[in-house]
Amino acid sequence: MVDIMDTIEPGAESAVDRPLPPRLEVTPGVASYDTPAQFDALPSKLSVHDLDFFYGKEQALFANDLEIKEHRVTAIIGPSGCGKSTHLRCYNRIYELYRDQKAMGEIAFDGANILAPGTDLLSLRRRIGMIFQKPSPFPMTVFDNIAYGLRMHFKLSKSELSERVEDALKRGALWEEVKNKLNEPGLALSGGQQQRLCIARAIAAEPELILMDEPCSAIDPVGTAKIEELLQELKSSYTIVLVTHNMQQAARVSDYTAFFFEGRIIEFGATTQIFEKPVQRQTEEYITGRFG
Amino acid sequence: MSSGEVDISTPGGAGAQTRPRRHHFAFGDPLFRWFTIACAATVALAMFLLIGVLVKNSWLAIHVLGIKPLTHVAYNPDTNQYGALSSLFGTFLTTILAMLIAVPLALAIALLLVELVHPLVSRVVGTTIEMLAAVPSIIFGMWGIFIVVPLMQRHIEPWIQATPLGRLGIFGGSPVGVDVFTASIVLSLMILPFITAVSRDVLQMVPKVVKEAGYGMGSTTYEVMRKISMRYALAGIAGAVFLGLGRALGETMAVSMVIGANFFTIPHSLFQSGTTVSATLALNFPESQSKLETSSLIELALILFVITMVFQVVAQLWLARARRMTGSRA
Ligand SMILES: Nc1ncnc2c1ncn2[C@@H]1O[C@H](COP(=O)(O)OP(=O)(O)OP(=O)(O)O)[C@@H](O)[C@H]1O
Ligand SMILES: [Mg+2]
């Protein structure tokens, strides 16, 4: 049996210079290991049912079923090209920017199928924030980056606006580093800071669900540690879906883990279960590094 | 199962850094450096020589006429009048009008091509525009004379005068077709393809992920275009606009053909004939009767040159500031 603690390379942590955070204990009043019964009792923020996805004629997702539980971090892992990003990009229908991409099936967000025609995409995307693999600050100042969503979605006075910007930057664990740089371009920050800027920008719009597609893969270990710490804090107020290639990261920060392989969800369960006693052979092979 | 089997990169995947491979071109590098420095120096040198030649050859006029050209309208060497104002006024008026028409139109077309229309349409229209940008200006001039001038004279200008706008002085007078308005229109159509083509190229280079992030925040297409794409591409678009402006300021052939030329007055109406600096130079230089006349024409060129240089410097400073604010390196 693979022990979670054993799967961490020694070098990974020493570079970060930080002890492993105790899983889940940051969320007060929530058990660190939901039993199946507890899992069923938890409200689903999002439930995916029978989701197929097509790039033109090429099918990339096959009959995906997944429950994203409220106030939990759900990790999506799997080898490159297995459809993790594709799956995530269905949740806010961002794939629709491209003509030949099509999703079929059902994604219920608070009960309403967002794949149904007539969904208000603008409000959907306000309620669902997305963080991308590559930091993507807008070409404007740090302040304006955070204020972007606020100005768009809320009517705020000037003082309210700066209050909310400060608040978002604090929640994004960036305030101390940028409080004297609010009028500098967001693109002038370091990569890790840019990524936290994007997280703060998403948080500022007060989403209910935050999607993160490999948010740390372009960032150094220290920056990664900061973002992971931030994730721990965020999950008490938000529901988070995290795509990651980094197994330790999934183990450290997530409550549930879904293992994808070739467009299918092979296994989904509590993170401890997936990592300690995976049911499927492919899952076990992947997490022990035998392929992928 | 032993733990040693797990082989996943450290958080962030920061592996060992590859060493820079400097030494490979140890000889080629300095050589190339000197070559580029030499090229850059040549450009600067050419520029100073140009100014030197202009100053030297207009020295006579500067000496004899002083600042009189800058305060006088009429240009008539026979009566010893060497006013530059009519030419300068015509140049700046046509340029400003042409820019006012061309820039918004070019941006709209570029955004349409990049963000909205079907990729196939975008490619076909885009190629056509690139071809238009390569059409020699004499062709535009001929098209101006044979098509635009009659159209303006018979239909468009009378029509404008029939609308309430016609009561404004700037649309007064009898439509002649060969006038400032027509020149501005032809000029705007000449710089439009170039500005459109370059703007489209820079807009296309806005990273997908930044636009997706914009849409992901719940922005509409319009908001993403205006607040994100345009800002991202700002430096490149501004570059295109300044180059277009330079072309409009210096454009000679087509404008001379449709503006009337050799009308050395400051027009009261857009429907009056006028002239521009380049038109004045092109038409009078070959027939110059005296040394003073030649020298005065060169002085005219010098004035235009200095004004555009000042403008370019101001524009570059502004651009550097804007670039710093948006942090864009496009
Ligand atoms: N724009 C696209 N057009 C066509 N096929 C695509 C496109 N994007 C992805 N695919 C295909 O869809 C499949 C899933 O890709 P996806 O990007 O979702 O994988 P992923 O799990 O996110 O991989 P990675 O870990 O490398 O990010 C792959 O086979 C990929 O080749
Ligand atoms: Mg991906």
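Let me start with ligand 1. In this predicted model, the residues around ligand 1 are Tyr55(A), Glu58(A), Ala60(A), Gly78(A), Ser80(A), Gly81(A), Cys82(A), Gly83(A), Lys84(A), Ser85(A), Thr86(A) and His245(A). Two elements of chain A give two or more residues to that shell, namely β2 (58-69) and α3 (84-91). The largest share comes from α3(A), with three residues. By character, the shell holds seven polar residues, three nonpolar and two charged.

Next, the sheet in chain A. It is open and has six strands, ordered β6-β7-β8-β3-β9-β10, with mixed pairing. Which strands stand at the edges? They are β6 (128-131) and β10 (264-270) of chain A; each has a single partner strand, so one side of each has no neighbour in the sheet. From one strand to the next, the twist averages 15°.

Within that sheet, strand β3 (residues 73-77) of chain A pairs with strand β9 (residues 256-261) of chain A in the parallel sense, over four bridges. To give one position, Ala75(A) has Thr257(A) as its bridge partner in β9(A).

There is also a helix to mention here. Helix α8 (residues 191-204) of chain A lies across β6 and β7 (209-213) of chain A, and runs at about 175° to β6(A).

Last, one residue in chain B. Pro104(B) sits in helix α3 (residues 85-116) of chain B. Is Pro104(B) buried or exposed? Pro104(B) is exposed, because 10 other C-beta atoms lie within 10 Å, and the cut-off for exposed is 12 or fewer. Pro104(B) and Arg200(B) are 96 residues apart in sequence, and their C-alpha atoms are 13 Å apart in space.

Notes. Residues numbered from 1 in each chain as written. Chains lettered and ligands numbered in written order. Predicted model: local features only at pLDDT ≥ 70, side-chain atom pairs only at ≥ 80, totals over all residues. Near = placed C-beta within 6 Å. Nonpolar A, V, L, I, M, F, W, Y, C, P; charged D, E, K, R; others polar. Buried ≥ 20, exposed ≤ 12 C-beta atoms within 10 Å, placed from the backbone. Pairing = 2+ DSSP bridges. Axes fitted to C-alpha atoms, helices over the stretch in contact; angles between N-to-C directions. Contact = placed C-beta atoms within 7 Å.
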